[in-house]
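Trainee: Could you take me on a close look at one helix end, and then follow the chain outward from there into the rest of the fold? I'd like one connected account that I can check against the structure as I read.

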Amino acid sequence: MSYLMNNYTRIPVKFIRGKGVFLYDEKGIEYLDFISGIGVNSLGHSHPRLIEVIKSQSEKLIHVSNLFENPWQEELAEKLVKEFHASAKVFFCNSGTESVEAALKLARKYWKDKGKNKWRFVSFEKSFHGRTYGSLSATGQPNLHTGFEPMVPGFSYAKLNDIDSVYKLIDDETAGIIIEVIQGEGGVNEASKRFLEELQNLVEDKNILLIIDEVQTGIGRTGKFFAYQHFNLTPHIITLAKGLGGGAPIGAVLAVDEVAESFSPGSHGSTFGGNPLACSVASVVVDEVRNILPHVKEVGRYFKEKLISLNKGKVKGKGLMLGLETDTECKEIVLKAVENGLVINCTAGKVLRFLPPLIVEKKHVDMAIDILRKIL
Ligand SMILES: *Cc1c(COP(=O)(O)O)cnc(C)c1O
């Protein structure tokens, strides 16, 4: 008997602590964590600098409302903007879905302020942008809409890597295109370089905002600070969450100044968004991640080669966001992996997904590969 609503199928393991890339259950059994809370624990578990900042900040101030000045937000915003654009601004919230909501609202408001009737959005089949109504409407997975209709009006879905399918959905009322450069929940599907370049041309030609959802791919996950930086892309808006707080709940929207200006006092807000505790933790995460990007690239490359050498299916993804497409449903494999001390996850039915902490080392990759070889 449980008092929890039955939203999740839970794997019957109780983790009670973690250290680095390892998790421990109540019996003291050790597990290699290759999912990191779905890309959240970017610095692994019990990172000394995170413990230290949580202790010291919680002794000073955990929360202050957005009615007052917030130097912790200022500090973190400056760090994020420096990675993004010469002149941009940040809005803080608490999760991925909220960051997408804010991005959609900002995009519509921007065009309204310009006196243009542009309010529609194009997103992609198999995309995932969150579970609240705006972000769910942007999500191109009909099965996630079922039972919750009607969706927010104005969304249509193109095919990833098919630029014609995007052009077909564009009209004078299109406000923005929202895309993950690697679809996470949809099965670690990479947008091709060529497609993204065509998309960049399209948004410039048609005067449309480019919104890149970096909730999963951002903050070093793919080996660049933001995943769009692998390509020749200049998004107007990006959304962040998951890895940003290293486990502290925080989300953010970054927008170039011209667009950001459309949020003015009263336009949008959040009670918890960007509180001192979350921001001071995220600030440490950002500092640490900036220093380990070459490491992410190197271990990511090593891991990808090892996965390919298993010869068990198509290997997809970049950096430490990798997928192995199996030819059968992979739920059973995940259970077997956990029984053997490796925590991974299955997405889009047949794709084993790997999102280890960014501090993972080659020796941990070797351990994971040994377990995978044994169970596959
Ligand atoms: C996880 C995810 C979201 C939603 O984030 P939540 O924090 O669960 O609301 C949005 N977009 C992408 C790309 C994601 O991977």
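**From a helix end to the core and a pocket**

Mentor: Happy to. Start at L310, which counts as buried because its relative accessible area is 10%, under the 20% cut-off. Please keep in mind that this is a predicted model. L310 sits in helix α10, which runs over residues 276-310. Leaving out residues up to four places away in sequence, L310 touches I369, L372, R373 and L376. One of these partners, L376, is 66 residues away along the chain, and its C-alpha atom is 9.0 Å from that of L310.

Those contacts lead us to helix α12, residues 362-375, where H364 is found. With a relative accessibility of 8%, H364 is buried, since the limit for that class is under 20%. Beyond four places in sequence, H364 touches V21, F22, L32 and F34.

L32 takes us on to G341, because L32 is also on the contact list of G341, together with E30, Y31 and I371 (again skipping neighbours within four places). G341 lies in the loop between α11 (331-339) and β15 (342-343). Its relative accessible area is 12%, so G341 is buried. E30 and G341 are 311 residues apart along the chain, yet their C-alpha atoms are separated by 6.5 Å.

Now back to α10 for the interior. The largest nonpolar core has 107 residues, and the members that touch the most others are L80 and V166. Helix α10 gives the most to this core, 16 residues. Apart from this core there is another one of ten residues, including L23, I182, V188 and L355. As background, nonpolar side chains in soluble globular proteins tend to be buried together.

What does L80 touch, once residues up to four places away in sequence are set aside? The list is F92, I219, F225, F226, L240, L244, A252, L254 and V286.

F92 is a good link to the second largest pocket, whose volume is about 780 Å³. F92 is among the residues closest to the pocket's centre, along with N66, Q73, V90 and F91, out of 28 that line it. Strand β4 gives the largest share of that lining, five residues. At least two lining residues come from each of α3 (71-84), β4 (88-93), β12 (251-256) and α9 (257-260). Sorted by class, the lining holds 13 nonpolar, ten polar and five charged residues.

Further along the chain comes helix α4, residues 96-113. Its 18 residues should span 26 Å at 1.5 Å a residue, and its end C-alpha atoms are 26 Å apart, so the expected and modelled lengths agree. Buried residues of α4 include G96, T97, S99, V100, E101, A102 and A103. Further along the helix, L104, L106, A107, Y110 and W111 are buried as well. G115 follows α4 and has a positive phi, near 75°.

A few backbone spots deserve a look on your screen. Most residues other than glycine have a negative phi, and most peptide bonds are trans. I38, in helix α1 (residues 36-39), has a positive phi, near 60°. I38 counts as partly exposed because its relative accessibility is 33%. N207 also has a positive phi, near 55°. N207 is placed in the loop between α8 (193-206) and β10 (209-213), and at 42% relative accessibility it is partly exposed. As for the peptide bonds, the one from E149 to P150 is cis, with omega near 0°. P150 belongs to the loop between α6 (142-145) and β6 (155-158).

One last stop is T234, in the loop between β10 and β11 (237-240). Setting aside neighbours within four places in sequence, T234 is in contact with Q200 and E204. T234 and V256 are 22 residues apart in sequence, with 9.7 Å between their C-alpha atoms.

Technical notes
Residues are numbered from 1 along each chain as its sequence is written. This is a predicted model: local features need pLDDT of at least 70, side-chain atom pairs count only at pLDDT 80 or more; totals for chains, interfaces and linings use all residues. Side-chain values use heavy atoms; hydrogens and water are left out. A nonpolar core is a set of buried Ala, Val, Leu, Ile, Met, Phe, Trp, Tyr and Cys residues joined through side-chain atoms within 4.5 Å. Buried means under 20% relative accessible area, exposed over 50%, partly exposed in between (1.4 Å probe, protein chains only). Helices (H or I, at least four residues) and strands (E, at least two) are DSSP runs, numbered from the N terminus. Contact means heavy atoms within 4.5 Å. On a 1 Å grid over the protein atoms alone, a cavity is a set of points where a 1.4 Å probe fits but cannot get out, and a pocket is an open set with protein on both sides within 12 Å along at least five of seven lines; lining residues have an atom within 4 Å of a point. Grid points are joined across faces, edges and corners, and a volume is the space filled by probe spheres set on the points. Ala, Val, Leu, Ile, Met, Phe, Trp, Tyr, Cys and Pro count as nonpolar, Asp, Glu, Lys and Arg as charged, and the others, Gly among them, as polar. The expected span of a helix is 1.5 Å times one less than its number of residues.
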